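Student: I have a model open and would like to go through it by question and answer. Where do we begin?

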Amino acid sequence: MDSQDKSQKYCSNCGSPLNDGIKFCPKCGVPQDQGKESSGAFITSTDKSKTHTSYIAWGWVCAAVSLFIPIVGAGSITFGVLLIKDKRLSAAIPLIVCSSIFIILGLTGFGAGFFGAL
Ligand SMILES: [Zn+2]
């Protein structure tokens, strides 16, 4: 019987009935928050890509340092694994491959040889 009332939305400001999907109250003009979910998801994805950018940046910093201090390479691989978990394979794979190479170079004395040549 009251099926009409179930889908009926009302203005959050003045309480007048609103049509489905309307963005502004026709009576008082106050914006209605029906689009809130999608804008929230957008903010979340922006935050995520910011996090990925810092993972990539710190991962490469650690990879470069691992040439001289191999243990730091564990940090860059950790960032690579975090990127894989978030399905950023195109960023994660070169980071992990290069940091592995850099760790091996660091362990085989690249840093010592580099400083020795100075
Ligand atoms: Zn209103």
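Student: What share of the residues in the protein is buried?
Tutor: This is a predicted model. The protein has 118 residues. A residue counts as buried under 20% relative accessible area. The buried share is 21%.

Student: In what order do the helices and strands run from the N terminus?
Tutor: The protein holds five helices and two strands. Read from the N terminus on, the elements run α-β-β-α-α-α-α.

Student: Which residues donate to the zinc ion?
Tutor: Each protein donor is an SG atom. The donors lie 2.2 to 2.3 Å from the zinc ion. In sequence, the donor residues follow the spacing C-x2-C-x10-C-x2-C. They are Cys 11, Cys 14, Cys 25 and Cys 28.

Student: What geometry does the site of the zinc ion have?
Tutor: There are four donor atoms, with angles of 106 to 119° among them. Four donors count as tetrahedral if all angles lie between 85 and 135 degrees. The site is therefore classed by that window as tetrahedral.

Student: Where in the chain do Cys 11 and Cys 25 sit, and are they buried or exposed?
Tutor: Cys 11 is in the loop between β1 (9-10) and β2 (17-18). Cys 25 is in the loop between β2 and α2 (36-66). The pair links distant parts of the chain, 14 residues apart. Both cysteines are buried.

Student: Which helix gives the most to the largest nonpolar core?
Tutor: That core has five residues: Tyr 55, Leu 83, Ala 91, Ala 92 and Leu 95. Three of them come from one helix, spanning residues 89-107. That helix is α4.

Student: Beyond its neighbours within four places in sequence, which residues does Ala 91 contact?
Tutor: Ala 91 belongs to the largest nonpolar core. So does Leu 83, and the definition of a core joins its members through side-chain atoms within 4.5 Å. With those neighbours set aside, the contacts of Ala 91 are Ile 56 and Leu 83.

Student: Why does Ser 99 count as buried?
Tutor: Ser 99 is placed in helix α4. Apart from neighbours within four places in sequence, Ser 99 contacts Ala 63, Ser 66, Ser 76 and Ile 77. Ser 99 counts as buried because its relative accessibility is 0%.

Student: Which backbone oxygen lies 2.8 Å from a polar atom of the side chain of Ser 99?
Tutor: The limit for a polar contact is 3.5 Å between N or O atoms. At 2.8 Å from the Ser 99 side chain, the backbone oxygen is that of Leu 95.

Student: Is Val 72 buried or partly exposed, and at what relative accessibility?
Tutor: Val 72 lies in the loop between α2 and α3. Its contacts outside four places in sequence are Cys 62, Val 65 and Ser 66. Cys 62 is ten residues away in sequence, with the C-alpha atoms 5.7 Å apart. Val 72 counts as partly exposed, at 24%.

Student: What is phi of Lys 87?
Tutor: Lys 87 is found in the loop between α3 (73-85) and α4. Lys 87 is exposed, with a relative accessible area of 72%. Its phi is positive, in a residue other than glycine, and is near 65°.

Student: How far apart are the end C-alpha atoms over residues 55-84?
Tutor: An unreviewed UniProt entry lists residues 55-84 and 91-115 for "transmembrane region". Over residues 55-84 the chain is 80% helix and 0% strand. The end C-alpha atoms of this stretch are apart by 11 Å.

Key: Residues numbered from 1 in each chain as written. Predicted model: local features only at pLDDT ≥ 70, side-chain atom pairs only at ≥ 80, totals over all residues. Heavy atoms only, no water. Buried < 20%, exposed > 50% of the residue type's maximum accessible area, 1.4 Å probe, protein only. Helix = DSSP H or I, 4+ residues; strand = E, 2+ residues; numbered from the N terminus. Contact = heavy atoms within 4.5 Å. UniProt positions renumbered as here; feature names shortened; annotations may be inferred. Polar contact = N/O pair within 3.5 Å; in protein donor to acceptor, adjacent residues only side chain to side chain. Donors = N, O, S within 2.8 Å, 3.2 Å for Na, K, Ca; no water. Tetrahedral: all angles 85-135°; square planar, octahedral: opposite > 155°, others 65-115°.
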